[in-house]
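User: I would like to go through this model together and ask what lies behind the terms used for it.

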Amino acid sequence: PRVLLLNGPNLNLLGSRDPHQYGSVTLAEVERRVQALGAELGAGVECAQSNHEGELVEHVHRARHLDGVVFNPGAFAHYSIALRDAIDAVEVPCVEVHISNVYAREEFRHTSVTAPVSEGYIAGCGPAGYELGLRAVLTRIGQRRP
Ligand code: DQA
């Protein structure tokens, strides 16, 4: 299987941005770890990050040729109907990941408009959440009929 690891706005700053909330590993390191786990589990992992909503929509569209998506939409999770519709449209299993425990933070982070169209949701597990997300999406893919 081929999986897209997709990160939204400000996640390019991982490592330096609020390490208390998001840890000190960089996005490059997260991507390396998820790709290494993919290699171990027999999955190819493609990585992309964008700070732009429309670009993220297009990444999700391109993922319809793949088998799954592990997606941290960043703040867009809280209000981007366009991203929600894109995930809904492509019918590829998507697992949403948030590094921080959004429920322990400001109220505006408690809503996700993308989670209801995602297969699974992981929050508050730190950067390891991405590896959990890969395992989860691969399990979903394995459960699908050919
Ligand atoms: C985040 C949580 C969001 O609320 C925030 O806007 C982010 C990062 C997380 O990974 O914990 O950019 O998605």
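User: Leaving aside its neighbours within four places in sequence, which residues is Ile-122 in contact with?

Analyst: This is a predicted model, in which local features need pLDDT of at least 70, side-chain atom pairs count only at pLDDT 80 or more, and totals for chains, interfaces and linings use all residues. Residues are numbered from 1 along each chain as its sequence is written. With those sequence neighbours left aside, Ile-122 is in contact with Val-95, Val-97, Gly-129, Leu-132 and Gly-133, where contact means that the C-beta atoms of two residues, placed from the backbone, lie within 7 Å.

User: Why is Ile-122 called buried?

Analyst: A residue is buried if 20 or more other C-beta atoms lie within 10 Å of its own, exposed if 12 or fewer, and partly exposed in between; Ile-122 has 21 C-beta neighbours inside 10 Å and therefore counts as buried.

User: What makes up the largest nonpolar core, and which helix or strand gives the most to this core?

Analyst: A nonpolar core is a set of buried Ala, Val, Leu, Ile, Met, Phe, Trp, Tyr and Cys residues joined through C-beta atoms within 7 Å, and the largest one has 31 residues, with Val-3, Leu-5, Val-69, Val-70 and Leu-134 having the most contacts inside it. H5 gives the most to this core, with 5 residues; helices (H or I, at least four residues) and strands (E, at least two) are DSSP runs, numbered from the N terminus.

User: Which residues is Val-69 in contact with beyond its neighbours within four places in sequence?

Analyst: Beyond those neighbours, the contacts of Val-69 are Val-3, Leu-4, Leu-6, Val-60, Ala-63, Val-92 and Cys-94.
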